[in-house]
Amino acid sequence: SENKATYSEGMYAVVMNAETGAVLAMAGQKHEQGAQDFKADALGTITDVFIPGSVVKGATLTAGWRSGAIYGDQVLTDQPINIAGSPSITSWFTDKGSRAITATQALEYSSNTYMVQIAIKLLGQQYVPGMSLSTDNMEKAMTTLRDTYAEFGMGVSTGLDLPGESEGYISKNYNVANVLTEAFGQYDSYTTIQLAQYVASIANGGKRVAPHIVGGIYDAGENGSLGTLASTVDTRVLNTLPLDSEQLGLIQQGFNDVVNSGSSLATGKAMASSIIPISGKTGTAETYATDGSGNSVTTVNLNAVAYATAKDGTKLAVGIMYPHALDWKSKAHQNAVKAIMELYQNTH
C-alpha cells in the first residue's frame, strides 16, 4: 500500500508441515529504508528478530495454567490496568467498558489486560487499581513466561538444519514492568521461523518439531544424477508442550474464534477463507523507527501465526512478520496468511 512500508525492513513468511517439521517455504522481501524496491531475503526469516505482539498469547495462557495462576477457561475482567506511577495498560477495546471474558475470548478479542493479570498473578499478587508491583518474584515470573515460550520455540533454537539461526533477543536487564509487557508480546523479540514452530506445536496436538529444509539424502547416481534415496529426514520432536488436552483445546478454540467468530471484537477475520478453514492469531506491536532526520516515528509490527489442514491432509503452519509498518489498520499480514493457505489448497 502507498508509502506504508517506508520504515519497514520487509515482510517475512515461513510455511511448515506442522506434523513433520518439513519447511515448505521460507520467503522474505527485504526493504532498505527510503528505497522503492525489495530484494529477496529468505534467510531473514531465521536471522532477523522482531517484537511479536499478541501472537504469543496462547503461550501466555499456558504459563498461567502450568503455574496455577489461572485454571481452564477462567473468567477475568478486561479493564484498564492502573499500576502506581505507570501509564494505564489497556486492550484495544477497553474503551467500550470493562467486561468479563474467558481465556478463549482473551485470545479471540486479543485482550492485553487478561494477559497482564496473569503476569501479576505470576508475581504473586492480585490486581487492585493503583497497586504497586512487588519485585519479590520478578525473576521467577519472567522465567516462568520465558521458559513456557521456549517450550513453543520462542527465544530458543528451533533445531533448524541450517547454520546462522538467531535464538531471538532476550534481554537480561529487565524490570518488573517488563514482566507485564512480556505477557502480551511487547518485550522479547523472535524470528519468523520461531513463530511458525510455535503455531505448528498448537496445530499438531502439542509437539514441538524441529523444522528441516532437507527432505532426504540421496546417493550420487550416474553422471552426477540423483541416485537412490539413502535416507529420509525423520521428524524430530524436541519436546511436548506443558498442556493437557483440555488446555490445548482451549487455545485451538480461541485461535479458531479469532478468525471465524461472529463477534465484532474478533481480531483475525481477514484470515477467514471459504476454501480452507484457518485458525490463527494476530499480533500488533507498537514499535519505533527513525526517519532520515533522526526523529522517532511510531510504527507497528504486524505479525500473524496460523494453521490449517489442506485437502491433501497436510497440516500447514504459517508465521508472518511485517515489522515497522505505518498503518495500524493494515490487514497485509492477515491477507498474506490467507493467500498462502489458499495457494497451497488450490495447487495440491
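Before looking at handedness I noted the convention: a crossing is left-handed if the near helix is turned anticlockwise from the far one by less than a right angle, and right-handed if clockwise.

**Entry 1: two helices.** Working in this predicted model, I looked up helix α2, residues 57–67, and helix α8, residues 245–260, and found that their axes come within 10 Å and cross at roughly 155 degrees. Angles over 145 degrees count as roughly antiparallel, and α2 and α8 are therefore roughly antiparallel to each other. By the convention above, I recorded the crossing of α2 and α8 as right-handed. Which residues make the contact? On the α2 side I listed G58, T62 and W65, and on the α8 side Q247, L250, I251 and F255. Sorting the residues of this contact between α2 and α8 by character, I counted 4 nonpolar and 3 polar, with no charged residue.

**Entry 2: the largest pocket.** I next turned to the largest pocket, in which about 660 Å³ of space lies. It is lined by 22 residues, and those closest to its centre are W92, S110, T267, T284 and W328. Which elements each supply at least two residues of this lining? I noted β10, spanning 278–290, and α9, spanning 332–347. Of the lining of the largest pocket, β10 gives the largest share, with 4 residues. I also sorted the lining of the largest pocket by character, and its residues divide into 13 polar, 5 nonpolar and 4 charged.

**Entry 3: for my own record.** I keep two results side by side: the contact of α2 with α8 has no charged residues, whereas the lining of the largest pocket has 4.

Conventions. Residues are numbered from 1 along each chain as its sequence is written. This is a predicted model: local features need pLDDT of at least 70, side-chain atom pairs count only at pLDDT 80 or more; totals for chains, interfaces and linings use all residues. Side-chain values use heavy atoms; hydrogens and water are left out. Axes are lines fitted to C-alpha atoms, for helices over the stretch in contact, and angles run from 0 to 180 degrees between N-to-C directions. Angles under 35 degrees count as roughly parallel, over 145 as roughly antiparallel, 65 to 115 as roughly perpendicular and the rest as oblique. Contact means heavy atoms within 4.5 Å. Ala, Val, Leu, Ile, Met, Phe, Trp, Tyr, Cys and Pro count as nonpolar, Asp, Glu, Lys and Arg as charged, and the others, Gly among them, as polar. On a 1 Å grid over the protein atoms alone, a cavity is a set of points where a 1.4 Å probe fits but cannot get out, and a pocket is an open set with protein on both sides within 12 Å along at least five of seven lines; lining residues have an atom within 4 Å of a point. Grid points are joined across faces, edges and corners, and a volume is the space filled by probe spheres set on the points.
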